[in-house]
Amino acid sequence: MHVEVRGLNKHFGDFHAVKDVNFEITKGHLIGLLGPSGGGKTSILRMLAGLETPDSGEIIFHGQTVNNLPPQERGIGFVFQNYALFKHMTAYENIAFGLKVKKASKAAIRDRVTELVELTGLKGFESRYPHQLSGGQRQRVAFARALAPEPQLLLLDEPFAAIDAKIRQELRSWLRELIERVGITSIFVTHDQDEAIEVADEIMIINQGRVEQKGTPWDIYKEPQTPFVATFIGESTLIENASEVKGFKGAGGGKPTKALIRPEYIEVGSLHEFKMASATEQGIVKHLHFRGSEWLVEVEVNGHKLTTYRSLEKETLQPGQDISVLVHRAYLFNDERSWIQENNLKEDPMPVFI
Amino acid sequence: MRRLWIGITYLVFFLLIIAPLGKMTTGAFSQGFDGFWAALTRPEAQHALLMTGLVVVVVTLLNTLFGVMMALYLVRANWINRRLKGLLNSIVDLPYAVSPVIGGLMIVLLLGPDSALGAIFEGIGLKIVYAFPGMVIATLFVTFPLMVREVMPVLQEIGSQQEEAASTLGARAWTTFWRVTWPSIRWAVMYGVILTVARSLGEFGAVLVVSGNIMNKTQTATTLVYQDVENFNVTAAGGVALVLAAFSIGLLLLMEWTKRRKGVH
Amino acid sequence: MNSLLRHKGWTWGFRSTILLYFVVLIVLPILGVYYNSFSLGFGNFIESISDPIAWKSVLLTLKLAIIATVINVFLGTMIAWVLIRYKFPGKALLNSLVDLPFALPTAVGGLMILLLLGPGSLIGGIVEALGFEIVFHQPAIVIAMIFVTFPFVIRAVQPLLEELDPSEEEAAYTMGAKGGRVFLRVILPSMAPGMIGGGMLAFSRALAEFGAVVLVAGNIPGRTLVSSVFIFGEVESDNPVGAAAVSIILLTLSFAILWLINMLQMRGRRS
């Protein structure tokens, strides 16, 4: 289903939970709404489902405004954070509920439920009650129940929040495959960036009721459009005055400009490891953390603490060691704009034009 | 030390509950079973028991219906402003704080023959005070919080998500209520019903004031007991009281049983 | 509920019916009493109150209700303790019997006390021979009040004792505290909210009690006439304004207690 949202606003009392939100979702895509808790993601999801009424704005499914349609008529499936399984019904009855309500024939219900039970790998658990199922199984029942009436849009509110970290990984890829196989447009809410990056085709970053950025996980990572997105996605160190970083002097044209530096923007090593020695700066290794596949290195440069990774293949560093640091690029921002800038000393000071 | 405490506890129970109950039972049979039977088969006793039964049935039905709806509104309704909800919520408890006699007085003042509303109703031929409707209203007033207060915490505890899930699956309000909400609250409602029956069975003060205690017309079992005592007919009073007590104890047992079932589910 | 609420006409009728029922049944009568007691002017209200029979009945009710409440707090706390901490034969039965005074009609409760202690009964005879009088005197009223409010304190203290972590108590013992000290410092403070809350409920119920009291009190003005019986008498003698005046004193008191209990509960929940 093609979903479009225009100028959506929602207040809870004095609290402006959703502020002028606009977006469009192509049919068949899996979208992640990512952002800190209390940022308005769940409110957006609930308005799409019809569980909450927007104060203003339009929700359009298939080119038709559905603002006045109750949840029963929107053709959506909703998976709740705590699954909200009907606790006095068996897994089978839970999955069959939506079909029974639609007065489908007994045989049709049986066929559809059996199909979903197989699809979700719940065979053998049909007659159990929710309290007799594990967390992962409950979640599968919740998916199956939401999918049973063949909705055109699947909405998932923090689908993995209540699950053990270990099973979560497994369920993520399972969900991704399942949704691909069913081919249903889906939107899920999460506050976990790994989850969003791993599962979603496209991510929308939501903060304080606003959509900060929408794009593929790679686009968002590579080119964050707002300082919030830059800090929220990936790791980074904030430098209050960008000019203090070597190679970024005069950045922002004299205006006070801040810099965000990601670990992978930084290279550390002995001076001879660098081609452009003039662009490096001296620092001291403060701490080394072994991360299994690489070293996490904390260096102090010019009074700033920076973190970066270093391959295990390279010469092992020691805490306290003097070291050269090259900042390849930084994400810069001031009151007016934000942009990504390369280290300007990396250019050969005396270029030879051929 | 331990023995002493247990001993005192038994003593208190014996003096305060068991001895009076036993004394009343023997009192009711002081003139043999025939005396007890005669006290019960008096026409006024039969009428009074019938009246009590009628009040119990009508009040329980109305209070269950409105109590459950009110609990649903107070917990779920988003169309009631938050502050108003808080206010309504605290008003629900007021009948607890009102002496039953005052509860009866209120209805006499509001709907009695001297009041404006009472005159209007009398004009259309409907007598409320000193008649059956007044007794029902008085008992409804007294029993109102019982159902609401039993159902509300359960509704709060189960939360609205299951109901929302049902609505996204296409279920209408009616279906959602019966298939999703009701199974979760039915034991609480059952409990509320038992409490309401017990309270309306035993209501005395409010009914006494509102009914006027007219023999063979508005007299209930409890007000008959009162009248018998006033007439120094203690044996007769004991007979009716014993029947009431037997019902109450039955309800108490039912309540214990329900509590256990409620715990299971 | 959401979708039913969307069928506009239906919904509106339904909602208004429920709210109207609520307002007409609960709010209107209460306002009616306040309105009526002042309907003939404030002077009239004062006159009704300053009738010695009226104010004496209020004072008597307060005095006896306080006595009954204090006794009940002691007895109730002890029984709650025994029923939670000790195992002994008949415990389950006693625990069920606690609720009996709630289940029994109050008139039946009054009759039971009357039969047990009244003139002609064994206990009544003994006590009379000793020169005391119970029935138709103040002690009977106190007993009736204790009887009808018996479950409140027990039921309020029991859950607190159940929740009390035994390790807290053990910790106190390991630190060398003696039994009495542990009781005062650890156990009593955790029971206190129940004792206070249950006690207040019992007090407000004792203030309001009518059925059990009217049968045993004798109702002699100024000596054994409590407020609720006084109100009943005023209604019987067709003086509803006088009844309303005393009523609003009792009502206001009860509402204040109810409000206090709510406040306490809210504070308890926050901490």
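Reader: What percentage of the 265 residues in chain B is buried?
Author: Happy to start there, and please keep in mind that this is a predicted model. A residue counts as buried when its relative accessible area is under 20%. Among the 265 residues of chain B, the buried share comes to 59%.

Reader: And how much of chain C counts as buried?
Author: The same kind of tally can be read for chain C. It has 271 residues. The part of them that counts as buried is 51%.

Reader: How many helices does chain B have?
Author: Read from the N terminus on, the elements of chain B are α at each step, α-α-α-α-α-α-α-α-α-α-α-α-α. Strands number zero in this chain. The helix count of chain B is 13.

Reader: Which residues of chain B does UniProt cover with "transmembrane region"?
Author: The annotation comes from an unreviewed UniProt entry. Two of the spans can be described further: residues 87-112 are 85% helix, with end C-alpha atoms 28 Å apart, and residues 234-255 are 100% helix, with end C-alpha atoms 30 Å apart. The record's full list for chain B is 54-75, 87-112, 124-148, 188-214 and 234-255.

Reader: What share of the accessible surface of chain B belongs to carbon and sulfur atoms?
Author: Start with the total, which is about 11,100 Å² for chain B. Carbon and sulfur atoms account for 67% of that surface.

Reader: How far apart are the mean positions of the positive and negative charges of chain B?
Author: Chain B carries 19 positive and 13 negative charges. Taking the mean position of each set, the distance between them is 11 Å.

Reader: Which residues have the most contacts inside the largest nonpolar core?
Author: This core has 180 residues. Its largest share, 15 residues, is supplied by helix α3 of chain B, residues 43-76. The residues with the most contacts inside the core are M24(B), F144(B), L111(C) and I231(C).

Reader: Leaving aside neighbours within four places in sequence, which residues of chain C is F144(B) in contact with?
Author: Within its own chain, F144(B) is in contact with N63(B), M70(B) and V92(B). The list then crosses to the other chain. There the partners of F144(B) are Y21(C), F22(C), L25(C) and I26(C).

Reader: How many residues are in the other core that lies apart from it?
Author: Some of the members of this other core are A144(A), L175(A), I179(A) and A196(A). The core lies apart from the one of 180 residues. Its size is 43 residues.

Reader: Where in chain C does UniProt place "domain: ABC transmembrane type-1"?
Author: This label, too, is taken from an unreviewed entry. The span it marks is 79% helix and 0% strand, and its end C-alpha atoms lie 21 Å apart. In chain C, the record places the feature at residues 58-259.

Reader: How many of the ten residues of helix α12 of chain C are buried?
Author: Helix α12 of chain C runs over residues 227-236 and is mostly covered. Its buried members include I231(C), which is also one of the residues with the most contacts in the largest nonpolar core. Others are S227(C), S228(C), V229(C), F230(C), F232(C), E234(C) and V235(C). Of the ten residues in this helix, the buried ones number eight.

Reader: Which residue following α12(C) has a positive phi?
Author: The phi angle in question is near 60°. The residue that has it, after α12(C), is D238(C).

Note on methods:
Residues are numbered from 1 along each chain as its sequence is written. Chains are lettered from A and ligands numbered from 1 in the order in which they are written. This is a predicted model: local features need pLDDT of at least 70, side-chain atom pairs count only at pLDDT 80 or more; totals for chains, interfaces and linings use all residues. Side-chain values use heavy atoms; hydrogens and water are left out. A nonpolar core is a set of buried Ala, Val, Leu, Ile, Met, Phe, Trp, Tyr and Cys residues joined through side-chain atoms within 4.5 Å. Buried means under 20% relative accessible area, exposed over 50%, partly exposed in between (1.4 Å probe, protein chains only). Helices (H or I, at least four residues) and strands (E, at least two) are DSSP runs, numbered from the N terminus. Contact means heavy atoms within 4.5 Å. UniProt positions are given in the numbering used here, feature names are shortened, and annotations may be inferred rather than shown by experiment. Accessible areas come from the Shrake-Rupley method with a 1.4 Å probe; for residues, only the protein chains shown count as cover. Lys and Arg count as positive and Asp and Glu as negative; His and the chain ends are not counted. The place of a charge is taken as NZ of Lys, CZ of Arg, CG of Asp or CD of Glu.
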